[in-house]
Amino acid sequence: MAKNGLGRVPAIPVNARHMSYWDMFATWVGANANNGTWYIGGVIAACGFLTASTTLIISGVISYLLLAAASYMGYKTGLTAMTLTRASFGLRGSLLPSVINLVQFIGWAAVNTFIAATSMSYLFHDIFGWPVYGKPGGTTGLVVGIIVMSIFHLLSISVGQRSVQMIERVGIVLVFIFVIWESIVVFKTVSFHQILNWQPPHHLKMTPGAAIDVLAAFNLAWVTAASDFSRFTGVKKNATQASFLGANLGLFWFAFIGLIATIGTAITLNHFDPNNSDPSTIASKLGLGFLAMIVIILTSTTANAVNLMSAGSALTNMTRRLSLRVSLWVVTLVATAVTFLPIFVASFLTIFTAFLDGIGMVLGPEIGIFLVDYFWLRRQQYQIDDFSKVHGQYWYQGGVNWIAILVWVVSVACYIGLKHVSIIANTIGATFVVIILSMVLYGALAKFTQKQVE
């Protein structure tokens with residue numbers, strides 16, 4: 001056992017990898033084909049249909065090319081995502097990306113749970129006559145919904161990666177049925193021409209740059225979890241192509257549904273409120289009823305199986321005392337507690353947008369650093385035995401690669417600065433600019449330092 005306080009995560013041998021192309025594809029479709037993606041589509045509806053659609057496609061393609069690259073790393077090494085960051089940040093320095101991943105995936109699990117619990121409040125209204133969430137007395141249904149959803153999540157991660165695989169196989173079929181049904185209902189209510197020409201009120205309008213940053217924060221979260229799943233396949237195409245196509249299909253499909261459903265509801269009611277972008281509210285207003293709420297709840301479970309697995313892997317990388325299974329139980333219970341925050345602190349939309357801004361700020365630099373380290377500086381060659389070796393090549397100075405930490409800090413500061421530069425913030429957003437900056441800065445400093453040592 002390593003003396004650095006970090007446990008050794010063994011690489012999955014090729015002959016023990018059983019995820020097929022379909023399994024990987026279904027995992028990433030299921031990761032994005034859920035209520036959180038729907039909600040994102042509803043949030044960017046504030047741009048208008050054409051701008052929202054354009055930013056959605058551009059952000060998705062760029063983000064999931066990075067996902068495919070990160071997935072390739074897991075396929076080649078058989079290591080988890082956070083274990084791989086030990087090479088770029090150092091054995092102890094990898095605690096930084098591990099904490100980021102732990103926080104963000106607990107946050108995403110809480111987001112999906114809250115939206116699903118809102119759906120459950122509608123179910124309880126239909127079954128027991130309880131008020132729906134948002135109405136006087138509606139908090140009771142939400143609280144019970146959070147507890148029920150958390151029990152579902154504990155069951156979904158009960159046997160680790162295998163249970164995630166089984167859930168995604170079933171969930172993707174339900175998703176196909178639901179999205180087709182939802183599309184038919186929306187276009188029976190309003191025409192595509194109406195949706196195309198609708199514009200939000202000026203005071204609620206979102207700029208393209210703001211939409212790109214929101215979408216990037218949503219999409220890039222998966223990049224730091226890619227290896228947690230691709231390490232279970234022994235075929236390159238499964239890791240790269242299936243991940244790229246599956247994630248994009250889930251994103252485009254459900255975000256577009258959220259986009260057109262939110263706009264369709266705004267047209268029907270002659271009122272646009274981004275606080276009502278969640279699928280439960282829209283499904284209710286469109287008259288989709290009981291079955292729609294059931295599917296929304298199930299898709300939350302499929303998405304959170306991935307979120308909780310990634311959070312559990314991050315926690316395991318941080319300590320040698322917890323097994324992956326124990327870590328999964330811990331993060332699920334913490335996510336349950338976090339889900340209650342919007343009830344007591346602020347509106348769900350306020351917390352959600354603040355959460356996205358924070359994620360975009362810290363994730364981009366991390367991704368830029370670990371991808372450049374593997375593909376350019378190390379030429380796709382990592383020494384697996386050194387990932388837990390004190391004073392090995394990934395030990396750096398006291399277990400920390402201070403160059404990576406410095407670049408990360410500078411890049412986060414640049415993100416904050418660029419958000420106040422209107423020509424950037426309103427057009428292309430800060431997130432992808434900062435990723436490129438972190439790649440260039442880390443690559444240049446690492447090369448310079450290497451030459452100085454030589």
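Modeller: A crossing is left-handed if the near helix is turned anticlockwise from the far one by less than a right angle, and right-handed if clockwise. Keep that ready. This is a predicted model, where local features need pLDDT of at least 70, side-chain atom pairs need 80 or more, and totals for chains, interfaces and linings use all residues. Residues are numbered from 1 along each chain as its sequence is written, and side-chain values use heavy atoms, without hydrogens or water.

Colleague: Is the crossing of H5 and H16 left-handed or right-handed?

Modeller: Left-handed. H5 is residues 95-128. H16 is residues 348-377. Both are DSSP runs (H or I, at least four residues for a helix; E, at least two for a strand), numbered from the N terminus.

Colleague: Why are H5 and H16 called roughly antiparallel?

Modeller: Look at the angle. H5 and H16 pack at about 150 degrees, with axes 11 Å apart. Axes are lines fitted to C-alpha atoms, for helices over the stretch in contact, and angles run from 0 to 180 degrees between N-to-C directions. Under 35 degrees is roughly parallel, over 145 roughly antiparallel, 65 to 115 roughly perpendicular, and the rest oblique. The angle passes the antiparallel cut-off, so H5 and H16 are roughly antiparallel.

Colleague: Which residues of H5 and H16 meet?

Modeller: In H5 they include Pro97, Ile100, Trp108 and Phe114. In H16 they include Phe348, Phe352, Leu356 and Glu366. Contact means heavy atoms within 4.5 Å. The contact residues divide into 14 nonpolar, three polar and one charged. Here Ala, Val, Leu, Ile, Met, Phe, Trp, Tyr, Cys and Pro count as nonpolar, Asp, Glu, Lys and Arg as charged, and the others, Gly among them, as polar.

Colleague: What makes H9 and H16 oblique?

Modeller: Their axes cross at roughly 60 degrees and come within 8 Å. That angle fits none of the other three classes, so H9 and H16 are oblique. H9 (residues 208-220) passes H16 in a left-handed crossing. Val214, Ala217, Phe218 and Leu220 of H9 make the contact with Leu356, Ile359, Gly360, Leu363 and Ile367 of H16. That gives eight nonpolar residues, one polar and no charged.

Colleague: How do you know that H2 and H9 are roughly antiparallel?

Modeller: Their axes cross at roughly 170 degrees and come within 11 Å. The angle lies beyond the antiparallel limit, so the label holds. Gly36, Thr37 and Ile40 of H2 contact Val214, Leu215 and Phe218 of H9. Four of these contact residues are nonpolar, two polar and none charged.

Colleague: Why is Val434 called buried?

Modeller: Buried means under 20% relative accessible area, exposed over 50%, partly exposed in between (1.4 Å probe, protein chains only). Val434 has 1%, so Val434 is buried. Val434 lies in helix H19 (residues 431-453). Not counting residues up to four places away in sequence, Val434 touches Pro365, Ser411, Cys414, Tyr415 and Leu418.

Colleague: And what makes Cys414 partly exposed?

Modeller: Its 28% falls between the two limits, so Cys414 is partly exposed. Cys47, at 3%, counts as buried.

Colleague: How many disulfides does the whole structure hold?

Modeller: Zero. A disulfide is a pair of cysteine sulfur atoms within 2.5 Å, and the search finds no such pair.

Colleague: What makes H4 mostly covered?

Modeller: Nine of its nine residues are buried. Among them are Met82, Arg86 and Phe89. Gly90 follows H4, with a positive phi near 95 degrees.
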